[in-house]
Amino acid sequence: MQPFFDDSGFINLKMQSFFANELHNLKTTDFRYLNQLKTFLHIAHEQHHNVLISSEELSFIPLDGASYLSNMVHNFQAKVVITFRDSLSRALSNYRQLYPRFALSDEVPLPDFRAYVQGILESMRIYYSYILDMYAKEFGVESLVIIDYDGAIAAKKDLVQIILCEICKILCQDLSQGL
């Protein structure tokens, strides 16, 4: 079995996907990876380590999954970091990522950009509203940290530096020296 975390203490990305999936399916899971996460968190807390759990998949867990995660990290000063990106620039970026898939397919035509953008804009509004409400309910509004993606880029700030060092207080020395 793959180790739960690497030598630097970061939770293995594959394991993050596994426990995020379990958080998404609490009624049917065997809690295999969530139990490993509990053990990891317990050890980290005893050793006074900061922990970063970062997975886009956590954006899609249901309320009971967020509640379960909140209970798991109750010993920590948890921060929920949400990176907000302008919906139109995100839609354009997503469309550009989709284009090669559609361009190579004879079966499915490339969606019309205008229709695609209209659908994305509405879904992004609902998505951000849901995420903010859910995590505020489970972790408290004071635990939410919102990063303005476009503002950080315009200010020539590194998102990794913001998240790891400024918010999580992890690897600040290494990041300041360019790793």
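Q: How many salt bridges does a search of the whole structure find?
A: It turns up 3 salt bridges. Keep in mind that this is a predicted model.

Q: What makes the contact between Glu122 and Arg125 a salt bridge?
A: Their side chains meet at 2.7 Å, N to O. The cut-off is within 4 Å for a Lys or Arg nitrogen and an Asp or Glu carboxyl oxygen, so this pair qualifies.

Q: Why are Glu122 and Arg125 separated by about one helical turn?
A: Because they sit 3 residues apart in helix α5 (residues 113-139). An α-helix has 3.6 residues a turn, so residues three or four places apart point the same way.

Q: Why is Glu138 called buried, and what about Lys137?
A: Glu138 has a relative accessible area of 18%, and buried means under 20%, so the label fits. Lys137 comes in at 59%, and exposed means over 50%, so Lys137 is exposed. These two also form a salt bridge, with the closest N and O atoms 3.5 Å apart.

Q: Why do Glu166 and Lys157 count as partly exposed?
A: Glu166 has a relative accessible area of 40% and Lys157 has 38%. Partly exposed covers what lies between 20% and 50%, so both fall in that class. Their side chains meet in a salt bridge at 3.3 Å, N to O.

Q: How do you know that Asp158 caps the N-terminal end of α7?
A: A side-chain oxygen of Asp158 lies 3.2 Å from the backbone nitrogen of Val160. A polar contact needs N or O atoms within 3.5 Å, so this distance passes.

Methods:
Residues are numbered from 1 along each chain as its sequence is written. This is a predicted model: local features need pLDDT of at least 70, side-chain atom pairs count only at pLDDT 80 or more; totals for chains, interfaces and linings use all residues. Side-chain values use heavy atoms; hydrogens and water are left out. A polar contact is a pair of N or O atoms within 3.5 Å; within protein, one must be able to donate a hydrogen and the other to accept it, and residues adjacent in sequence count only if both atoms are side-chain atoms. Helices (H or I, at least four residues) and strands (E, at least two) are DSSP runs, numbered from the N terminus. Buried means under 20% relative accessible area, exposed over 50%, partly exposed in between (1.4 Å probe, protein chains only).
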